[in-house]
Amino acid sequence: YKRQVHGGQGFVKLSSLPYLIDNEAEIPLVGDKGACGTLNLLIYPSDRQGVVNLSEGEEYVDDPRTMLERELSFTINLRDARFDEMNHSNTYLEYDLLTDEGNVIFKTDSCEGTLQHPIYSYKKTHTFEKLSEKQLHYLLNHNLFIRVMGTRIPLEMPIEQMSPPIEEKREEEEDAPQESPVKPKPFQPTPDKKPEARLEEKERKLSNNIDSRVETIQTRPPAKSQQLPNQRSFQGGAPNAQSKKDKDCTLF
């Protein structure tokens, strides 16, 4: 079962009918994305059989209230439509109208197939046995909405854009010339662009390091000699042998 969807709609006024004036028009159809086509129609006051168009006679109504409690018949003739795009198939038209039994939905026959110019050739005569205040107000102030119904056509990818079967792809891959694999290039370190600058920098750091060491040695205070207790200090080397001899002579 394919669900019928709304493919657009248009409206026409019914206010000319109580004046016994017909209304022939080509009304625009509007869908979800804006204007989608036109509908050709004719609505006219008629006899019960819908054969005679009373607007072509000599009778003329100046005040529509004179039609109250009188019989009023009119015929709705939906001729054909023209769509900008073929988005629906098996289209038909429907409208709802106030009758003596209340609001009733009326439908045309379906036009089989996907047609951009469907011809409906629909005729339906409606009769108010005794035109009431409510029915007169309805005709003077109500717009008759006509809806286009049909089966939405699924969006299909164009044939030239469809992917080929898997087997055809494999054959194309086998027939295609085989490209030689690209060998990776050996790693080459980036050459030093400024070797002289690097050498000068190393020499400068080494010179600064030597200068700092020399400066540290020159500024260091001399170490104090440590003398053990009861220890004689010697100046000028070993004790003088002559002074020892003189001391020995003094004792005797």
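This report describes the salt bridges of a predicted model and the surroundings of one serine residue.

**Salt bridges**

The count of salt bridges in the model comes to six. Three of them are set out in the table, each with the separation of its nitrogen and oxygen atoms.

| Acidic residue | Basic residue | N to O distance |
|---|---|---|
| Glutamate 24 | Arginine 79 | 2.8 Å |
| Glutamate 94 | Arginine 147 | 3.0 Å |
| Aspartate 96 | Arginine 147 | 3.4 Å |

The side chains of glutamate 24 and arginine 79 meet in a salt bridge. This pair connects distant parts of the chain, since glutamate 24 belongs to strand 2 (residues 23-31) and arginine 79 to strand 4 (residues 72-83), with their positions 55 residues apart in the numbering. Glutamate 24 has a relative accessible area of 53% and is therefore exposed, whereas arginine 79, with a relative accessible area of 23%, is partly exposed.

Arginine 147 takes part in a salt bridge with glutamate 94, whose closest N and O atoms lie 3.0 Å apart. Here too the pair links distant parts of the chain, glutamate 94 being in strand 5 (residues 88-99) and arginine 147 in strand 8 (residues 143-152), 53 residues apart. Glutamate 94 is buried, because its relative accessible area is 10%, and arginine 147 likewise counts as buried, at 17% relative accessibility.

The side chain of arginine 147 also meets that of aspartate 96 in a salt bridge, at 3.4 Å from N to O. Aspartate 96 in strand 5 and arginine 147 in strand 8 are 51 residues apart, and this pair again links distant parts of the chain. At 23% relative accessibility, aspartate 96 counts as partly exposed. Elsewhere, Arg48, Glu71 and Glu129 are joined into one network by salt bridges that share partners.

**The surroundings of serine 46**

Serine 46 lies in strand 3, which covers residues 34-46. With a relative accessible area of 3%, serine 46 falls under the 20% limit and is therefore buried. The side chain of serine 46 is joined to that of threonine 75 by a polar contact of 2.8 Å. When residues up to four places away in sequence are left aside, serine 46 touches Val52, Leu54, Ser73, Phe74, Thr75 and Thr125. Threonine 75 thus appears both in this list of contacts and as the partner of serine 46 in the polar contact between side chains.

Methods:
Residues are numbered from 1 along each chain as its sequence is written. This is a predicted model: local features need pLDDT of at least 70, side-chain atom pairs count only at pLDDT 80 or more; totals for chains, interfaces and linings use all residues. Side-chain values use heavy atoms; hydrogens and water are left out. Helices (H or I, at least four residues) and strands (E, at least two) are DSSP runs, numbered from the N terminus. Buried means under 20% relative accessible area, exposed over 50%, partly exposed in between (1.4 Å probe, protein chains only). A polar contact is a pair of N or O atoms within 3.5 Å; within protein, one must be able to donate a hydrogen and the other to accept it, and residues adjacent in sequence count only if both atoms are side-chain atoms. Contact means heavy atoms within 4.5 Å. A salt bridge is a side-chain nitrogen of Lys or Arg within 4 Å of a carboxyl oxygen of Asp or Glu.
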